[in-house]
Amino acid sequence: MTADQKKHAAAEAALTYVKPGMKLGLGTGSTAAHFIDLVGARVRAGLDVACVPTSETTRHQAERAGIPLTTLDQHPFLDLAVDGADEFDDKFNLIKGGGGALLAEKIVASSSRYMIVIADDSKKVDTLGRFPLPVEVVPFGVKATAWKIERALKICGLTGKLVLRTKAGQPFRTDGGHAIVDVSIGRIADPARLSDLLSVIPGVVDHGLFIGICGIVLMGTDAGVKTFRKS
Ligand code: 5RP
């Protein structure tokens, strides 16, 4: 199976958790895109759901698919959020934000009764950190903020290479108008500690460590979809 087929299979498995009347969070990225297509097909066949998109890209896809959209202002508590991930470990910690939508993704997932991650099996790691950790920062004072990110790494006994994300030669901007610093670390032994330290840095809007948010991972493999459920 290709990675894309595994992503599709995981997205199909997530669909079984969707019930009529639910308020859903829709993630961002190539795996979440499979799920949005599948939800769209169900909606066109009569399923009644209302969804909160986590990015403009997802909003456009959902609109094209005919999915009714709502907002967290109208529905501050969602039943379920389904999203992809860049990495997950066996404690259900995640790295997200490869697509730059981490802020809305974290707000939506943490406002949902359950967050289901859908992924192909390349995303499973023993220790987070192989994927560069996206840190969303205010463009003002990026260098000063970067210095504080390095200091947080040092406190955790880590070192990292910080790269300001670009797109087509220009500084990347999130839907919220922020910049992203991608931090290549390698191994993050204590992601919860790093998360806490990053979260209190002035200028850091949020970061891609999702700790204690995800409860179920559906992982596409050659042998079918494997379910990991937090006990
Ligand atoms: C976007 C994300 C994505 O969920 C993550 O990058 C995984 O993407 P893909 O499903 O394309 O591998 O966090 O901000």
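The following exchange asks how labels were assigned in this predicted model.

Reader: What makes Cys-51 buried rather than exposed?

Author: Cys-51 has 0% relative accessibility. Buried means under 20%. Cys-51 therefore counts as buried.

Reader: How do you know that Cys-51 is in no disulfide?

Author: A disulfide needs two cysteine sulfur atoms within 2.5 Å. The closest cysteine sulfur to that of Cys-51 belongs to Cys-214, and it is 18 Å away. That is too far for a bond. A search of the whole structure finds 0 disulfides.

Reader: And what of Cys-214, buried or exposed?

Author: Cys-214 has 1% relative accessibility. The limit for buried is under 20%, so Cys-214 counts as buried. Cys-214 is in no disulfide either, with the sulfur of Cys-51 at 18 Å.

Reader: Why are both faces of strand E2 called covered?

Author: Strand E2 spans residues 50-53. In a regular strand the side chains alternate between the two faces of the sheet. Here Ala-50 and Val-52 lie on one side, and Cys-51 and Pro-53 on the other. All of these are buried.

Reader: How do you know that E1 and E2 pair?

Author: Pairing takes at least two bridges. Strand E1, residues 23-26, and E2 have 4 bridges. The sense is parallel. Lys-23 has Ala-50 in E2 as its bridge partner.

Reader: What makes strand E7 mostly covered?

Author: E7 covers residues 133-137, and 5 of its 5 residues are buried. On one side stand Leu-133, Val-135 and Val-137. On the other are Pro-134 and Glu-136. Both faces are thus covered.

Reader: Which strands does E7 pair with, and on what count?

Author: The threshold is at least two bridges. E7 has 5 bridges to strand E11, residues 179-184. E7 has 3 bridges to E12. Both counts meet the threshold, and each pairing is antiparallel. Leu-133 is partnered by Val-183 in E11. Val-135 faces His-207 in E12.

Reader: Why are E4 and E13 called edge strands?

Author: The sheet is open, with 3 strands in the order E4-E5-E13. Strand E4 (87-88) and strand E13 (209-210) each have a single partner strand. One side of each is therefore left without a neighbour in the sheet.

Reader: How do you know that E5 pairs with E13?

Author: The requirement is at least two bridges. Strand E5, residues 94-95, is joined to E13 by 2 bridges. The requirement is met, and the two strands run antiparallel. Ile-95 is opposite Leu-209 in E13.

Reader: What makes the phi of Phe-92 worth a remark?

Author: Most residues other than glycine have a negative phi. Phe-92 is not a glycine, yet its phi is positive, about 70°. Phe-92 sits in the loop between E4 and E5. Its relative accessibility is 9%. Buried is under 20%, so Phe-92 counts as buried.

Reader: Where else is phi positive outside glycine?

Author: Ala-168 has a positive phi near 50°. Ala-168 belongs to the loop between strand E9 (166-167) and strand E10 (170-171). Is Ala-168 buried or exposed? Its relative accessible area is 79%. Exposed means over 50%, so Ala-168 is exposed.

Reader: Why is Leu-164 called partly exposed?

Author: Leu-164 has 40% relative accessibility. Buried is under 20% and exposed is over 50%. The value falls in between, so Leu-164 counts as partly exposed. Leu-164 is in strand E8, residues 161-164.

Reader: What makes Val-200 exposed?

Author: Val-200 has 65% relative accessibility. The cut-off for exposed is over 50%, so Val-200 counts as exposed. Val-200 is in the loop between helix H6 (191-199) and strand E12 (204-207).

Reader: On to the ligand. Which backbone atoms make polar contacts with its oxygen atoms?

Author: A polar contact is a pair of N or O atoms within 3.5 Å. A backbone N or O atom of Thr-28 is 3.0 Å from a ligand oxygen. For Gly-100 the distance is 3.4 Å. For Gly-98 it is 3.5 Å. The protein buries 91% of the 380 Å² that the ligand exposes when taken alone.

Reader: What classes of residue make up the shell around the ligand?

Author: The shell has 2 nonpolar, 9 polar and 6 charged residues. Of the 17 residues around the ligand, those that come nearest are Ser-30, Thr-31, Asp-86, Gly-97 and Lys-123.

Key: Residues are numbered from 1 along each chain as its sequence is written. This is a predicted model: local features need pLDDT of at least 70, side-chain atom pairs count only at pLDDT 80 or more; totals for chains, interfaces and linings use all residues. Side-chain values use heavy atoms; hydrogens and water are left out. A residue is near a molecule or strand if one of its heavy atoms lies within 4 Å of it. A polar contact is a pair of N or O atoms within 3.5 Å; within protein, one must be able to donate a hydrogen and the other to accept it, and residues adjacent in sequence count only if both atoms are side-chain atoms. Accessible areas come from the Shrake-Rupley method with a 1.4 Å probe; for residues, only the protein chains shown count as cover. Ala, Val, Leu, Ile, Met, Phe, Trp, Tyr, Cys and Pro count as nonpolar, Asp, Glu, Lys and Arg as charged, and the others, Gly among them, as polar. Buried means under 20% relative accessible area, exposed over 50%, partly exposed in between (1.4 Å probe, protein chains only).
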